[in-house]
Amino acid sequence: MIVDILAGMAIARMPLLAIDCPDPGALARFYGAMLDWKIDDAANPASVCAENGQCIAFHQVADYTPPTWPTQERPQQMHLDMLVDDLDAAEAAVLELGATKHPDQPGTSFRVFLDPAGHPFCLCLN
């Protein structure tokens, strides 16, 4: 049975998450600054990568329309949760980078923001 054969083994590795956006370089600089990851914004797709090989790529999409959250008029499709030690300090930093705090804040141990392209992401207490 295939389940027995694959038990304890990864089927694949996920070295990259790709995010659609209108301006790949701008979004790479935003996430690179927030995560302190290496930024490659010279091409489409642009990307940011951690020293351990984790990467996020940003693909330019014509006529990009950001998701709406929390409504499902245009579903978010995905979002990133970022761990932080201090919500207030992290909030100030991402706002300075160009994030927007979403008016709907459904929890107390995390805060919801929109990146410069309108994708929701959360800052979560570590």
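**View 1. R111 in strand β7.** R111 lies in strand β7, where helices (H or I, at least four residues) and strands (E, at least two) are DSSP runs numbered from the N terminus. This is a predicted model, in which local features need pLDDT of at least 70, side-chain atom pairs count only at pLDDT 80 or more, and totals for chains, interfaces and linings use all residues. Residues are numbered from 1 along each chain as its sequence is written, and side-chain values use heavy atoms, with hydrogens and water left out. R111 counts as buried because its relative accessibility is 18%; buried means under 20% relative accessible area, exposed over 50%, and partly exposed in between (1.4 Å probe, protein chains only). Leaving out residues up to four places away in sequence, R111 touches L87, D88, E91, K101, Q105, F121, C122 and L123, a contact being heavy atoms within 4.5 Å.

**View 2. Polar contacts and salt bridges of R111.** The side chain of R111 makes a polar contact of 2.7 Å with the side chain of E91 and another of 2.9 Å with the side chain of D88. A polar contact is a pair of N or O atoms within 3.5 Å; within protein, one must be able to donate a hydrogen and the other to accept it, and residues adjacent in sequence count only if both atoms are side-chain atoms. R111 and D88 also meet through their side chains in a salt bridge (2.9 Å, N to O). R111 lies in strand β7 and D88 in helix α3, so this pair ties together parts that are 23 residues apart in sequence. D88 counts as exposed, at 52% relative accessibility. D88, E91, K101 and R111 are joined into one network by salt bridges that share partners. A salt bridge here is a side-chain nitrogen of Lys or Arg within 4 Å of a carboxyl oxygen of Asp or Glu.

**View 3. E91 in helix α3.** E91 lies in helix α3, which covers residues 87-97. With a relative accessibility of 14%, E91 counts as buried. Beyond its neighbours within four places in sequence, E91 is in contact with K101, R111, F113 and L123.

**View 4. Salt bridges D41-R29 and E73-R74.** Five salt bridges are found in a search of the whole structure. Side chains of opposite charge can pair when their charged atoms come close. One salt bridge is formed by the side chains of D41 and R29 (2.7 Å, N to O). The D41-R29 pair links distant parts of the chain, with D41 in the loop between β2 (38-40) and β3, R29 in helix α2, and the two positions twelve residues apart. Both residues count as partly exposed, D41 at 34% relative accessibility and R29 at 40%. E73 and R74 also meet in a salt bridge through their side chains (3.5 Å, N to O). E73 is exposed at 62% relative accessibility, whereas R74 is partly exposed at 29%.

**View 5. The open sheet β5-β8-β7-β6.** Four strands form this open sheet, with mixed pairing, in the order β5-β8-β7-β6. Its edge strands, each pairing on one side only, are β5 (80-84) and β6 (100-101). Two strands pair if DSSP finds at least two bridges between them. Strands β5 and β8 (residues 120-125) run parallel and are joined by five bridges. L80 stands opposite F121 in β8.

**View 6. The largest nonpolar core.** This core has 24 residues, and Y31, F58, F121 and L123 have the most contacts inside it. At least two residues come from each of β1, α2 (24-35), β3 (46-49), β4 (55-60), β5, α3 and β8. The largest share, four residues, comes from α2. A nonpolar core is a set of buried Ala, Val, Leu, Ile, Met, Phe, Trp, Tyr and Cys residues joined through side-chain atoms within 4.5 Å. Y31 is in contact with D36, V48, F58, L80, M82, D115 and F121, leaving aside neighbours within four places in sequence.

**View 7. D115 in the loop between β7 and β8.** D115 is placed in the loop between β7 (110-114) and β8. At 3% relative accessibility, D115 is buried. The side chains of D115 and Y31 make a polar contact of 2.8 Å. Not counting residues up to four places away in sequence, D115 touches L27, F30, Y31 and F121.
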